[in-house]
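This report describes a single protein chain for a reader who has the sequence and the coordinates at hand. The sections follow open and enclosed space first, then packing, and finally the backbone.

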Amino acid sequence: MSEPMISLESLTSTKSFDQLLATAKSGGCASSSCGSSAKPDDMDSAIWEKIKDHPCFSEEAHHYFARMHVAVAPACNIQCNYCNRKYDCANESRPGVVSEKLTPEQALRKVMAVANEVPQLSVLGIAGPGDACYDWTKTKATFEQVAREIPDIKLCISTNGLALPDHVAELADMNVDHVTITINMVDPEVGAKIYPWIFYDHRRYTGIEATQILHKRQMLGLEMLTARGILTKINSVMIPGINDEHLIEVNKWVKERGAFLHNVMPLISDPAHGAYYGLTGQRGPNAMELKALQDRLEGGAKLMRHCRQCRADAVGLLVSDRGQEFTLDQIPGEVTYDASKREAYREVVARERGDHVAAKSAATGMVKAAGSGKSLLVAVATKGGGRVNEHFGHSKEFQIYEASPTGISFVGHRKVEQYCLGGWGEDATLDGVIAALEGIDIVLCAKIGDCPKDQLTGAGIRATDAYGYDYIETAISALYTAEFGVEPLAATT
C-alpha cells in the first residue's frame, strides 16, 4: 500500500502523525465545538450534526472527509438500461463497478483496515453492486458488525427504492440516517424507456406495469424516510431525449416529499460497458448541458453538484479513489482497529474548517460587493482541503466554481486524463484536457508549465499558479475583483 494518509499534507502542510497528534492536543478547540463554526446560518443544528462530516451530503465536508463503499450486496431487483455490473476497470468511476465482492465478515476486516490508514474516513456506505435493500440480509449483517467495532462511523445506503419500504423501520433502528434513492422518473411512461423490467413480490413485471409499481414504491419509501427524520438524497441520471426535461418534474416531486438533496448525474454511455444505452448509441450529456439543467433546477430541491458517481467499492476522498489499494489480498488476515488517527485528524480539521469558512465568507462578500453583473467560470486543480494545491499536469479532475453577483458557488467537476506522467506530457492528452475545459474562463492550479499554459491561452482559457495553496474562494475572489476593478483580498496562508 502507499504511504498512509495520516496528515493534512494534502490540505495545508506536511505533518507526521506525531505532529498531527501534537497539534490536536495543543488546546484551543475541540472538534465538537470548533467544527460547529462551519454551520451555515440557515441550517438547523440537528441537520448540521448529521451532515457536517458526510462528504456526499455536504459539499463543504467533501473537502475534508472520506467515504468507503463495501460491495456486499450483489443481487438486484430491477434492470436499468444504463447498467451492466459485469464490467470492471480499476480506473473507472461508475456506480455498480467492483473488483471483488465481499461477505459481511470480509467487509468488516476491510473497513477496519481502511479506518486505520485513512483517518479522513467518516462514512460507510453500501451501494451494491446490486441493491442494498434487496440484498438486505448481507447489508444488515455488515452494518451490525461494523457498528459494534467503529460506533462513530456514519452508515449510509444507496437503493433503487423498490424494496426500501420493507426496511425503513430497521434502518431507523440501526441509526442509518442517510439514504440515497435513485429516482429517474415520476411518469411511468418515461420510466418504461429506462427500465426493461423489475422483480417484485416474487414475480417479474415489464413495461408500464413495472414502472407504475416502481414509482409508487419509490415515493412511499421517500415519504417513510422523511417521516422518520432520515435524510434522503435523490440520484437522477440525466438521459438526453429520454428524461432530461422530465427531471424538472422529478425535482418538484421529491422536494414535496422531503428530499434533502437532489443529485442530477450525467448518463455514462460507452459501448465498452455493455449496457443497453451504450450499445444502442444513446449519448450522455456534455458538461455544459448538465450545468444548464442543474441551473434550471435552482430554487427547487437543494442540488448536489459535487458527486463523482462512485464505484461500489470506492475508498477515500471524493477527489481520489483509493479502492485498489485495499483489495483483500493487500489486507492482513487479522486487523485490530486503532481509533487514535481518526480522532487526531478530526481535531485538526475542525480548526482548518473554521478558518476556511471565515475566508470563504469574506471572499464571497468581496465578489458580491464588486457589483459587476458578470460571471466567471473557474476550474480548480485541488487534492482536497478547499485549497488550490494540485499541479495542472497531475490533475485527474478539475473542480468548477462560478463567481457571479450572487457570490461564489461550486457548480461541478470535469474529469480528465492525467496530462503529466514522469515529467512528460502527451500533446493528445493535453488536447483532451482542453476539450474537457470547454466554457471555462480561468484555470487555477498550484503549478503549471509554459507549454500547457500557452496551449490553454491559445484555446481562450487563461491559467495561473499565482494563487497556489490559497483557499479556493479566496483565490477566486482575488481573480474576480482584479478582473472587474475592485481591491482584491490578501492571500491566505
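The second largest pocket of this predicted model has a volume of about 1300 Å³. Of the 41 residues that line this pocket, Glu59, Lys302, Lys360, Ile408 and Ser409 are the closest to its centre. Two or more lining residues come from each of helix 3 (45–51), helix 11, helix 12 (340–370), strand 12 (397–404) and strand 13 (407–415), and helix 12 gives the most, with 6 residues. Sorted by class, the lining of the second largest pocket divides into 17 nonpolar, 12 polar and 12 charged residues.

Enclosed space is treated separately. The structure holds 1 cavity of 30 Å³ or more, and about 810 Å³ of space lies in the largest cavity. Its lining is made up of 49 residues, of which Pro95, Ala127, Ser158, Thr182 and Asn235 lie nearest the centre of the cavity. At least two lining residues are supplied by each of strand 1 (66–69), strand 3 (121–126), strand 4 (154–159), strand 5 (178–182), strand 8 and strand 9. The table sets out the class make-up of the two linings.

| Lining | Nonpolar | Polar | Charged |
|---|---|---|---|
| Second largest pocket | 17 residues | 12 residues | 12 residues |
| Largest cavity | 27 residues | 15 residues | 7 residues |

As for the chain as a whole, 15 helices and 17 strands are assigned, and buried residues make up 55% of its 493 residues. Among contacts between residues at least 6 apart in sequence, 73% join residues that are at least 24 apart.

Which residues touch the most other members of the largest nonpolar core? In this core of 59 residues, they are Val70, Leu124 and Val179, while the largest share of the core, 7 residues, is contributed by helix 4 (residues 104–117). A second core, separate from this one, has 34 residues and includes Cys56, Tyr82, Val123 and Ile239. The surroundings of Val179 can be listed in full: leaving aside residues up to four places away in sequence, Val179 touches Phe57, Ile157, Thr159, Leu164, Leu171, Leu225, Ile230, Leu231, Thr232 and Lys233.

Helix 9 (residues 247–256) has Leu247, Val250, Asn251 and Val254 as its buried residues. These residues are on the same side of helix 9 because they cover an arc of only 100 degrees around the axis. The general background is that an α-helix has 3.6 residues a turn, so residues three or four places apart point the same way. The buried residues of helix 9 pack against helix 8 (207–228), strand 8 (231–238), strand 9 (261–266) and helix 11 (287–297). Just after helix 9, Gly258 takes a positive phi of about 90 degrees.

The loop between strand 3 and helix 5 (136–149) contains Pro129, and Asp135 is also placed in the loop between strand 3 and helix 5. Pro129 has a relative accessibility of 6% and therefore counts as buried, the cut-off being under 20%. A cis peptide bond, with omega at about 20 degrees, joins Gly128 and Pro129. Although Pro129 and Val97 are 32 residues apart along the chain, their C-alpha atoms are separated by 6.4 Å.

Is Asp135 buried or exposed? At 11% relative accessibility, Asp135 counts as buried, and, not counting residues up to four places away in sequence, Asp135 touches Val72, Ala73, Pro74 and Ala75. The C-alpha atoms of Asp135 and Ala163, which are 28 residues apart in sequence, are 9.4 Å apart in space.

Further backbone details concern the sign of phi. Most residues other than glycine have a negative phi, and most peptide bonds are trans. Asn175, which is not a glycine, has a positive phi of about 60 degrees; Asn175 is found in the loop between helix 6 (168–173) and strand 5 and is exposed, with a relative accessible area of 59%. Tyr469, again not a glycine, has a positive phi of about 75 degrees. Tyr469 is found in the loop between strand 17 (462–464) and helix 15 (472–483), and at 43% relative accessibility Tyr469 counts as partly exposed.

Terms used:
Residues are numbered from 1 along each chain as its sequence is written. This is a predicted model: local features need pLDDT of at least 70, side-chain atom pairs count only at pLDDT 80 or more; totals for chains, interfaces and linings use all residues. Side-chain values use heavy atoms; hydrogens and water are left out. A nonpolar core is a set of buried Ala, Val, Leu, Ile, Met, Phe, Trp, Tyr and Cys residues joined through side-chain atoms within 4.5 Å. Buried means under 20% relative accessible area, exposed over 50%, partly exposed in between (1.4 Å probe, protein chains only). Helices (H or I, at least four residues) and strands (E, at least two) are DSSP runs, numbered from the N terminus. Contact means heavy atoms within 4.5 Å. The arc is that of the directions from the helix axis to the C-beta atoms. On a 1 Å grid over the protein atoms alone, a cavity is a set of points where a 1.4 Å probe fits but cannot get out, and a pocket is an open set with protein on both sides within 12 Å along at least five of seven lines; lining residues have an atom within 4 Å of a point. Grid points are joined across faces, edges and corners, and a volume is the space filled by probe spheres set on the points. Ala, Val, Leu, Ile, Met, Phe, Trp, Tyr, Cys and Pro count as nonpolar, Asp, Glu, Lys and Arg as charged, and the others, Gly among them, as polar.
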